[in-house]
There are 2 protein chains.
Amino acid sequence: MKRVTMADVAKMAKVSKSTVSQYLNKRYEYMAPETRKRIEEAIRVLGYQPNIVARSLKQKRTSTIGVIVANILHTFSTQIIRSIEDTCREHDIHVIVCNADDDPAKEANYIKMLRAKQVDGLIVFPTGGNIDLYQAMIQERYPIVFVDRIVEQVNVDSVLLNNERASYLAVEHFVKKGHQRIGMITTSLIRNITPRVERIKGFITALKAHNLPVNHEYIKGLEVAKIKDGLSEMFRLKEPPTALLVGNDLVLMEVLNYVKENSLIIPQDLAIIGIDEVPFANIFDPPLTTISQPTFEMGKKAAQLLLEKIEDQERSIEVKIHRFEPKLIIRSSC
Amino acid sequence: MKRVTMADVAKMAKVSKSTVSQYLNKRYEYMAPETRKRIEEAIRVLGYQPNIVARSLKQKRTSTIGVIVANILHTFSTQIIRSIEDTCREHDIHVIVCNADDDPAKEANYIKMLRAKQVDGLIVFPTGGNIDLYQAMIQERYPIVFVDRIVEQVNVDSVLLNNERASYLAVEHFVKKGHQRIGMITTSLIRNITPRVERIKGFITALKAHNLPVNHEYIKGLEVAKIKDGLSEMFRLKEPPTALLVGNDLVLMEVLNYVKENSLIIPQDLAIIGIDEVPFANIFDPPLTTISQPTFEMGKKAAQLLLEKIEDQERSIEVKIHRFEPKLIIRSSC
DNA sequence: CTGTTAGCGCTTTCAG
DNA sequence: CTGAAAGCGCTAACAG
């Protein structure tokens, strides 16, 4: 594996390395057209490929960003990632994706590795468990943006769904369909993960807004593995809910499994609205009414914010939370 | 953003850069325990983080590999990627994933970029459109492995499903259930994509093995967007198939949509088996019988093969095709 | 318009 | 056990 370097090209084209460098950086103005030809030729013959690592070292810029997602299993995460990648490709920026698996230790490790690799910035779906690390980065003015979650005390640009509104839309639709006993189930609330907390909050607010009682037996936040148990419990009540708001796609799978195992009929026995659009919503029987997030726009926004920050590290554009509006997609499960 | 370098650490610990380097590389034998203490302390105080880019330049090794998938929309691709990432993480190797979108030009571009970035090796789901590029890499002995597809004339380690067997399993099950008129539909065959071709071939072989006639009106390879038209055509035949083998998950979505739109009952009107396990197979109504691929093992194997090659670039372990066995998961759609 | 000269931050002989 | 020095491949002043 003979590596051919700029020096080889320079020698062959009988110019100096810097001229070759100029050529590569398309600063053609400073170059006799004929010199340019010679360089072109040499590059072609030698099959020269620039070494970006060397360039990065010099420029202190790798044209690579890191994305750390809390949990890659959510459709939401993968869609956001795809959108970030698309946006970055347009700017010739590469993306390294890491999955923290909801584990702050893994997250910390990735942050360190990625920074050691000199990525130009980070988009993170924070686990919330590394507040000091987050803050250190902010103080250094290292480019970073959060997605999906905000972290108390950490002041950084963040891209989020208008979660309260999402719940509101669902409740409103349930009510419109005549439901009075409405429940909500989502993943565990112990770590105060933003979307879960906000969606529950929005749910309660919406209930009140519609003059419905708030029955805490109808509201559950549980580990995915315990969702079914929670459901059993809820449906053993003398007056179980007739409608259920499902907090995210992973929980939805559990709910749908439960429904199937217990031969419930949707929406007669139980009306369902899930937050997060899932690929099989349309073909499911019955088609699933969902609240969708504008993942494409959100990913794009996150990427743009980060790229801007990378461009001018200096200018401190004021930090803010960017909220995106959810959309109710009415099908037949409610 | 004050970058602290090894020189700073060295100065503070009153040693030379090389000693610090030794420390970082854990060559403690060559070091007075007390020197070591001082270095540790300096690193801690300064908050020093090594610059991996500089190291990579020197070592000619980035501890990063690239993965180029032909089409990220397949569940298969994302599962393989996850498995590759898991395996690589264990070896402290980072992964950059790129989606060629079934476009050879994009693929070529990514190969060049990734190599310019000095990734240590490449795992690619080849589009099949860059034979010369593939061959150049092989001649250079650049570490590379193919997944999912083989390319004529390109002799490289490849990880694939035993595709013919996959079709065989399906046909066998259809026959067992009493079906005689069995069809197959998959994505376009024009570019000779390995799994499609092999699955069709296996399908025909299996039909013959069961003494069933091969009716070419029952076999279709079409762009995703045209799947539904193909289905219409097939079901307008006087004797339409009673069972359908679906070539992959993307096609399955189309088929299921068609089924829904035309109010067909599965499996009475049409029995279905899909190649590729899909997340909603269980909760679908009826639950879907599928042929699953051992994606976890396949991704792991691909990563291991690549990592081995990277370890000893020299030793030319003989090139071969690694086949993995599909599994029939019987549910209710057939 | 082109060449010279310094590095970027780290690793790695090779002396001492 | 520790330090000096060379250099990985490229960029960026600065002369000329």
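By class, nine nonpolar, nine polar and seven charged residues make up the surface near DNA strand C. Here Ala, Val, Leu, Ile, Met, Phe, Trp, Tyr, Cys and Pro count as nonpolar, Asp, Glu, Lys and Arg as charged, and the others, Gly among them, as polar. A residue is near a strand if one of its heavy atoms lies within 4 Å of it.

This is a predicted model, in which local features need pLDDT of at least 70, side-chain atom pairs count only at pLDDT 80 or more, and totals for chains, interfaces and linings use all residues. Residues are numbered from 1 along each chain as its sequence is written, chains are lettered from A and ligands numbered from 1 in the order in which they are written, and side-chain values use heavy atoms, with hydrogens and water left out.

**DNA strand C**

The strand is surrounded by 25 residues. The closest are T35(A), K58(A), K60(A), M6(B) and Y48(B). Of the atoms of DNA strand C that come within 4 Å of the protein, 66% belong to sugar and phosphate. Four helices each supply at least two residues of this surface: α2 (17–24) and α4 (52–59) of chain A, and α2 (17–24) and α4 (52–59) of chain B. Helices are DSSP runs (H or I, at least four residues), numbered from the N terminus.

**DNA strand D**

Again, 25 residues surround the strand. M6(A), K17(A), Y48(A), S16(B) and T35(B) are the closest. Sugar and phosphate make up 69% of the atoms of DNA strand D that come within 4 Å of the protein. The surface near this strand divides into nine nonpolar, nine polar and seven charged residues.

**Polar contacts**

A polar contact is a pair of N or O atoms within 3.5 Å. The table gives examples from both strands.

| Protein atom | DNA atom | Distance |
|---|---|---|
| S16(A), backbone N or O | strand C, phosphate oxygen | 2.7 Å |
| K60(A), polar side-chain atom | strand C, phosphate oxygen | 2.6 Å |
| A54(B), backbone N or O | strand C, base nitrogen | 3.4 Å |
| S21(A), polar side-chain atom | strand D, phosphate oxygen | 3.0 Å |
| K58(A), side-chain N or O | strand D, base oxygen | 3.4 Å |
| S18(B), polar side-chain atom | strand D, base nitrogen | 3.0 Å |

**The two chains**

A turn of 180° and a shift of 0.0 Å along the axis lay chain B on chain A with an RMSD of 0.1 Å. That is the relation of a two-fold axis. The superposition is by least squares on the C-alpha atoms of residues with pLDDT of at least 70 in both copies. I96(B) comes closest to the rotation axis of the residues of chain B, at 2.6 Å (C-alpha). The copies meet through the same surface, because 100% of the interface residues of chain B are also interface residues in chain A. Contact means heavy atoms within 4.5 Å.

How values were computed
A polar contact is a pair of N or O atoms within 3.5 Å; within protein, one must be able to donate a hydrogen and the other to accept it, and residues adjacent in sequence count only if both atoms are side-chain atoms.
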